[in-house]
Amino acid sequence: MRAAFYQTFEGPVTLEALPDPSPPEGGVVIKVEATGVCLSDWHGWKGHDADITLPHVPGHELAGVVQTVGSGVAFWKPGDRVTLPFVCGCGGCPQCLSGNHQVCDHQFQPGFTGWGSFAEYVAVRYADINLVRLPASMDFITAASLGCRFATAFRAIAAQGRVMAGQWVAVFGCGGVGLSAIMIANALGAQVVAVDIRDEKLDMARRMGATETVNACCVDNTVEAVRDLSRGGAHVSMDALGSPRTCFDSIASLRKRGKHLQVGLLDSKHRHPSIPMDRVVAHELEIIGSHGMQAFEYGRLLDMIAAGKLHPEKLIGRIVSLEEGIAFLTVMDRHDQTGVTVINRF
């Protein structure tokens, strides 16, 4: 198979001919029809993820067709159109038995704990627990955009943040997950303040449903600007970027008893940022992490898409070849691309 391949962190990513994978017991091999290029893939290439064993094939936002099925798989057959969460639960650990596959004790993550989807084929473990059947009406490019950013934002906003109509939501960072969160919060009836440092991303945030926007480079105090626009502070705020500044500002922008959602990943130098703990205590704030979404929870998301309440396809910025995706991967941290990049030509 043709696949993106690197042998050292921060080293060259090359297009290689590698052996086709075989399905593991309880797993399947998926022919990849589309895969997103996510900042998490860049973090992996940089060496920020301890689960990656070199050499490696990146990629974790995928959609495709089941090619072959391993022993012990009950619910899937060749030809099935599928996607899957970027965190796959084992189904048997205490976390999975409580319904929390997204924090499985033995989780499988294509593109991190195993070779990923920047390839013609990818082997996936725990298929019966983690595969999600695609509606016939959904194309593979849209489906690939769900697996990490959109599904993660959906669970963060709808389940972890429990956003309700009439609330104010602040979203710091208007990349893929931030724009997804804006669209989802808007669909749930919330009013959204979007924060970024680029006007073109804030323009797209408005198109996704943001009521107000703040360019953090153009105001004296971002926190005060968000509090003013949200009539006293956000009920729910999300750091969708992952930096000490956005983490702090997200928490500081909350009104009393508000909820901060940490979704953006901080790099290895900034994993223990300062937070306004005095405000957390005095205002009884909640700090909530959110890490993916279980496969069995995709039903509500897919229903909202089918009903026309959510339009993840509007987030897609570029559709590229595998070669173009490889070139983009290593410069994601300094690229001004707006929207989601998806590979669909291998």
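**View 1. Val 82 is a buried residue, with a relative accessible area of 0%.** The model is predicted. Buried here means under 20% relative accessible area, so Val 82 meets the cut-off at 0%. This valine belongs to strand β5. The strand covers residues 81–83.

**View 2. Val 82 touches residues from elsewhere in the sequence.** Neighbours within four places in sequence are left aside here. The contacts of Val 82 are then Ile 30, Ala 63, Gly 64, Val 66, Trp 76, Leu 131, Val 132 and Leu 134. Contact stands for heavy atoms within 4.5 Å.

**View 3. Val 82 is paired here with one of its contacts, Val 132.** In sequence, 50 residues separate Val 82 and Val 132. In space, their C-alpha atoms are 5.4 Å apart.

**View 4. The protein chain around Val 82 holds 12 helices and 15 strands.** Its radius of gyration is 20 Å, close to the 20 Å from the globule rule for 346 residues, so the chain is as compact as a globular protein of that length. The C-alpha atoms occupy a box of roughly 55 × 40 × 35 Å along the principal axes. Of the contacts with a separation of 6 or more, 71% join residues 24 or more positions apart.

**View 5. The surface and charges of the protein chain are the subject here.** Of the 346 residues, 58% are buried. The chain exposes about 14,000 Å². Carbon and sulfur atoms supply 50% of that area. The chain carries 30 positive and 35 negative charges. The mean positions of these two sets lie 5 Å apart.

Notes: Residues numbered from 1 in each chain as written. Predicted model: local features only at pLDDT ≥ 70, side-chain atom pairs only at ≥ 80, totals over all residues. Heavy atoms only, no water. Helix = DSSP H or I, 4+ residues; strand = E, 2+ residues; numbered from the N terminus. Buried < 20%, exposed > 50% of the residue type's maximum accessible area, 1.4 Å probe, protein only. Rg over C-alpha atoms; globule rule 2.2 N^0.38 Å. Areas by Shrake-Rupley, 256 points an atom, 1.4 Å probe, with all protein chains shown as cover. Lys, Arg positive; Asp, Glu negative; His and termini not counted. Charge placed at Lys NZ, Arg CZ, Asp CG, Glu CD.
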